[in-house]
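I opened this model to look up helix contacts, one sheet and a few single residues. My notes follow in the order I took them.

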Amino acid sequence: MKITAKMIAESLGVSTATVDRVLNNRKGVSEKTIKRVKNKAEELGYKPNTAAKFLSTQKRTEVAFILPVLPVYFWDEIEEEIKKAAEVYESFGFVAHIHRVDTIPKEKQISFIKEFIDDNPYDALVISPHDADPYTDIINEGIKKGIPIFTLNNDVPQSERILFVGGDYYQAGFLAAELIHLFSKELKDVVIIREDEDTYQMKNKEKGFRDYFYINKMGINIHTIPVNSDNIQLEEEWKNETLISTHAIYVANGILGEIAEYINEHLYGDSKTLIGHDMNEKINKYLQKNIIKSVICQDPASQAMIMVKSVFEYLLLGSRNKSSETIIKLEIVTRANAKYYINGDKNKND
């Protein structure tokens, strides 16, 4: 049953006009009555008609989503889902503006964010920062200026950001190591392929990965290959020696499809355990060929939808949740269930 202003008024023995003034923050009511009305509204579970309130004010709420460019297949899916989720709140005046910005070098993304903070053209910013520590000051600067800032997929935990929606990268790395252990018949030498920058995400993935073998007291030789997603050409030494001799490979960044392609063309096919993250048509192709044994997905669609909903509730409903993060569950994908993780036709060219 929907609770109305009239029902609150009748339960308190005051006029509907008085209740209406309190619920819409208008003057002309004593502090004592304001307190009574608000307490009764909370007790009865009153929820304001936000759509009607917007229609009466015609106020637009403009939110900027600043997303990376790479990996294209992943961020294209995030962008598409943000657009879909924002459509749900259009009647409330919620408008999502999506900006795709290169994150290498990170100074380009930081400069882009700072420009928005200085000019303040939006009611809130949702950013996916390339790293953590270098972004702390710029986020805190925006918060001090009264601009709500949220982090998506990549977090800056030491900042004063409002909310983080994304994965637990330590657990992602830990799970990748466990999958390698489960899939491998022989396991002595393992390679991690990761971004060459020591970012918050990469550090946590690698730490989780190494900790699994340490906690389980497995004497594994772990080699790290740092690469740049803009240029994934591997050094010949790695190609001819390390990759050939290793029993398993964990790709911690967004080039799993390219690595699988290389292994398929130059190495030993399904004799190695290859694990990585996310899903597109290329990754699915090599899952089906058994070059990739499994991938770990963090549901980009859910990340986008939860973030849009959270920003809407924060800005338009005044919702202030106690939790400062929403962690998306990790999902294990193999060739048996991979078809359920392909996001339509837009990934077919990846």
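Which residues in H6 meet which residues in H7? I note first that the model is a predicted one. From H6, I listed Lys106, Gln109, Ile110, Ile113, Lys114, Ile117 and Asp118. Their partners in H7 are Pro134, Tyr135, Ile138, Glu141 and Gly142. Sorted by class, this contact of H6 with H7 has 6 nonpolar, 2 polar and 4 charged residues.

I then looked up the geometry of this pair. H6 covers residues 106-119 and H7 covers residues 133-144; they pack at an angle of about 5°, and their axes are 10 Å apart. Because the angle is under 35 degrees, H6 is roughly parallel to H7.

Second helix pair: H2 and H3. Helix H2 (residues 16-23) packs with helix H3 (residues 31-44) at an angle of about 85°, with the axes 10 Å apart. I therefore enter H2 as roughly perpendicular to H3. On the H2 side the contact is made by Thr18, Val19, Val22 and Leu23, and on the H3 side by Thr33, Ile34, Val37, Lys38 and Ala41. By class I have 6 nonpolar, 2 polar and 1 charged residues for the contact of H2 with H3.

Next, helix H9. Its 16 residues, 200-215, should span 22 Å at 1.5 Å a residue, and the end C-alpha atoms are 22 Å apart, so the two values agree. Which residues of H9 are buried? I found Gln201, Met202, Lys205, Glu206, Gly208, Phe209, Asp211, Tyr212 and Phe213. The buried residues of H9 pack against helix H8 (169-183) and against strands S6 (189-195), S7 (221-227), S8 (248-251) and S9 (273-277). Just after H9, I noted a positive phi of about 55° at lysine 217.

Lysine 207 also lies in helix H9. Is lysine 207 buried or partly exposed? Lysine 207 has a relative accessible area of 46%, so I enter it as partly exposed. Its C-alpha atom is separated by 6.5 Å from that of tyrosine 170, although the two residues are 37 residues apart along the chain.

Several of the strands that H9 packs against belong to an open sheet of 6 strands, which I traced next. The order is S7-S6-S8-S9-S10-S12, with mixed pairing. S7 and strand S12 (331-333) are the edge strands, each pairing on one side only. From one strand to the next, the twist averages 20°. Within this sheet I checked S9 and S10 (residues 294-297), which pair in the parallel sense over 3 bridges. Glycine 276 stands opposite valine 295 in S10.

Last, helix H13. Residues 300-316 make up its 17 residues, and H13 reaches 24 Å from first C-alpha to last, close to the 24 Å expected at 1.5 Å a residue. How many residues of H13 are buried? I have 12 of the 17, so H13 is largely enclosed by the rest of the structure. Among them are Pro300, Ala301, Met307, Val308, Val311, Phe312 and Tyr314. Ser302, Gln303, Ser310 and Glu313 are also buried. The buried residues of H13 pack against helix H5 (72-88) and strands S1 (61-68), S2 (94-101), S3 (124-127), S4 (149-152) and S5 (164-166). Just after H13, glycine 318 takes a positive phi of about 70°.

Definitions and conventions:
Residues are numbered from 1 along each chain as its sequence is written. This is a predicted model: local features need pLDDT of at least 70, side-chain atom pairs count only at pLDDT 80 or more; totals for chains, interfaces and linings use all residues. Side-chain values use heavy atoms; hydrogens and water are left out. Axes are lines fitted to C-alpha atoms, for helices over the stretch in contact, and angles run from 0 to 180 degrees between N-to-C directions. Helices (H or I, at least four residues) and strands (E, at least two) are DSSP runs, numbered from the N terminus. Angles under 35 degrees count as roughly parallel, over 145 as roughly antiparallel, 65 to 115 as roughly perpendicular and the rest as oblique. Contact means heavy atoms within 4.5 Å. Ala, Val, Leu, Ile, Met, Phe, Trp, Tyr, Cys and Pro count as nonpolar, Asp, Glu, Lys and Arg as charged, and the others, Gly among them, as polar. The expected span of a helix is 1.5 Å times one less than its number of residues. Buried means under 20% relative accessible area, exposed over 50%, partly exposed in between (1.4 Å probe, protein chains only). Two strands pair if DSSP finds at least two bridges between them.
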